[in-house]
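Please open the structure in your viewer and keep the selection tool at hand, because this tour moves from one selection to the next. At each stop, pick out the residues named before reading on.

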Amino acid sequence: MSIVDLTSMSESQTAIKNEINQRLSKLKDEVSDYCYQCAKCTSGCEAHKLLELEPHKIIALLKRGLIDEMTNSEVIWTCMSCFKCRERCPQKVAPVEVLFALKNMAVASGKQIPGNYTAMLQSILTMGLIQDVKSVTTNDNKTKNRTELGLPEISKPIDLAKFQMVLSKLAVEKI
Amino acid sequence: MKKYALYPGCVIPTEQYAYELSIREILPLLDIKLVDLKGFSCCGEPMKSVNQMLTISLSARNIAIAEAENLDVFAPCPMCHLAMSECKRILDSDEKTKERINSFLADENLKYTGKSKILSILDILYDDEGLKKISGLVKKPLKDVKIAVHYGCHLIRPSEIGRPDNSENPQKIEQILKAIGAKPASYPEKLDCCGGLLTTNLPETALTKTGQKLQAVQQQGFDAFVDVCPWCHRQYDSKQTKAGETVATKLEVPVFYLTQLIGLAFGVKKEKLGLEFNLSPVDKLKID
């Protein structure tokens, strides 16, 4: 299977697109009504100062139906997933989870995934882990691997073909 | 003797050897046996932005592997622990999703039932018995070492999912440190995020976050900085020099895994705790 299966869906799959749209409008209905824009989320947001993420605005935009604009925006990818907004929201809106949903929707509708996510996903597909075992440099500039350190062989999927089969079934599932 | 399946995840066994070595060294001293199982994969949490179904399925898959051996799971990486705890919370309360996930797992002859518990590093080290055991084993107390504690976001939030310590005022690591003679002190930036998860798409900003926190710790005159997460440790220790460059400060903060400090206090040799892998100036801290 290829990476394309998991991360993008071609234009012709209107059924899936409709499903995504339905889910997005459900997201809009479920979440946004409870938010009264107190901006407690933004005041504690780890990504606010450096990257101008304003979770309360994300929720407000969602409420106004500007969903396409948001799945197209780079700002949804600035969240550090610290979960402070979810923890502190007096209305239990959880902007971080809304952002996860928006990012998932962006990926599912074939938008470009930023940074190394694609490489990480590819690595999971080919070996089960986000990266392969590394030889690590010590503070006196020697490189050491697991065997030299007496560590057991790394645990990873035994039958890769079967593991990939599980993931490929997931790929055709909707989010 | 308690027995757990060790779920190492991705970052610990592929590069953060210091954490793995120190865990394997000190847990047996606390009468805890770790069982290595074959077949684990990523916990799925790093992929949550891409596809949440993938996250839940991968977590369920790993829990199912431990369930097949009738073992509870010890996940030292807080991110893995969060992914697995969230997966458990969803699947244990939603029969339909559980069935759907199990239909995927059937290809590998695995089945999630929900019988195994998921334990974090704090669940393992901290309870009344654990603290007593720890203080009883101390041979070289870290006398008066002033330590800044970093919990890491995933260990304490979201509390709704069930996390091992309080989300706004966590104190368990401080208590463990007191049990080994050290002097943990609070600081305003204690709950700040390391930025590590941004490494995937905004690595420079990630380093700035890291640098800002270490800068504050350095200014406040701490002797050491302690963490329990391989993602955080990679930022604070492995990349400390670079993090310093992004905030235009020469950072010289000794950064340790909690398990390394416990090991040092127990009198375990430096080599066995993987101290050679700490790239921050850990030699500044003299323990004898």
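Before the first stop, one term is needed: two strands are said to pair if DSSP finds at least two bridges between them. In general, strands of a sheet pair through backbone hydrogen bonds, and the pairing may be parallel or antiparallel. Keep in mind throughout that this is a predicted model.

**First stop: the sheet of chain B.** Select the strands of chain B and look for an open sheet of 4 strands, which run in the order β2-β1-β3-β4 (chain B) with parallel pairing. Its edge strands are β2 (32-36) and β4 (118-119) of chain B, each of which pairs on one side only. Now narrow the selection to β3 (residues 72-74) of chain B, which pairs with β4(B) in the parallel sense over 2 bridges. Within this pair you can find V73(B) opposite I118(B), the latter lying in β4(B).

**Second stop: two domains.** Colour residues 2-121 of chain B as domain 1 and residues 139-284 as domain 2; the C-alpha centres of these two domains of chain B lie 24 Å apart. Where they touch, 21 residues come from domain 1 of chain B and 25 residues from domain 2 of chain B. On the domain 1 side of this contact in chain B, α1 (11-14), α2 (17-26) and α4 (78-93) each supply at least two residues, and the largest share, 8 residues, comes from α2(B). Sorted by class, that side of domain 1 of chain B has 14 nonpolar, 4 polar and 3 charged residues.

**Third stop: a pair of helices.** Select α7 (residues 128-137) and α9 (residues 172-179) of chain B, whose axes come within 8 Å and cross at roughly 30°. Because angles under 35 degrees count as roughly parallel, α7(B) is described as roughly parallel to α9(B). Show the side chains of L131(B), I134(B) and S135(B) in α7(B), which meet Q175(B), I176(B) and A179(B) in α9(B); the residues of this contact divide into 4 nonpolar, 2 polar and no charged.

**Last stop: where the chains meet.** Show both chains together, and select their contact, which takes 54 residues from chain A and 48 residues from chain B. Among the helices of chain A that each supply at least two residues to the side touching chain B are α8 (95-108), α9 (117-127) and α10 (160-172), and α10(A) gives the most, with 6 residues. By class, this side of chain A has 30 nonpolar, 11 polar and 13 charged residues.

Key:
Residues numbered from 1 in each chain as written. Chains lettered and ligands numbered in written order. Predicted model: local features only at pLDDT ≥ 70, side-chain atom pairs only at ≥ 80, totals over all residues. Axes fitted to C-alpha atoms, helices over the stretch in contact; angles between N-to-C directions. Parallel < 35°, antiparallel > 145°, perpendicular 65-115°, else oblique. Contact = placed C-beta atoms within 7 Å. Nonpolar A, V, L, I, M, F, W, Y, C, P; charged D, E, K, R; others polar. Domains from an automatic or database assignment.
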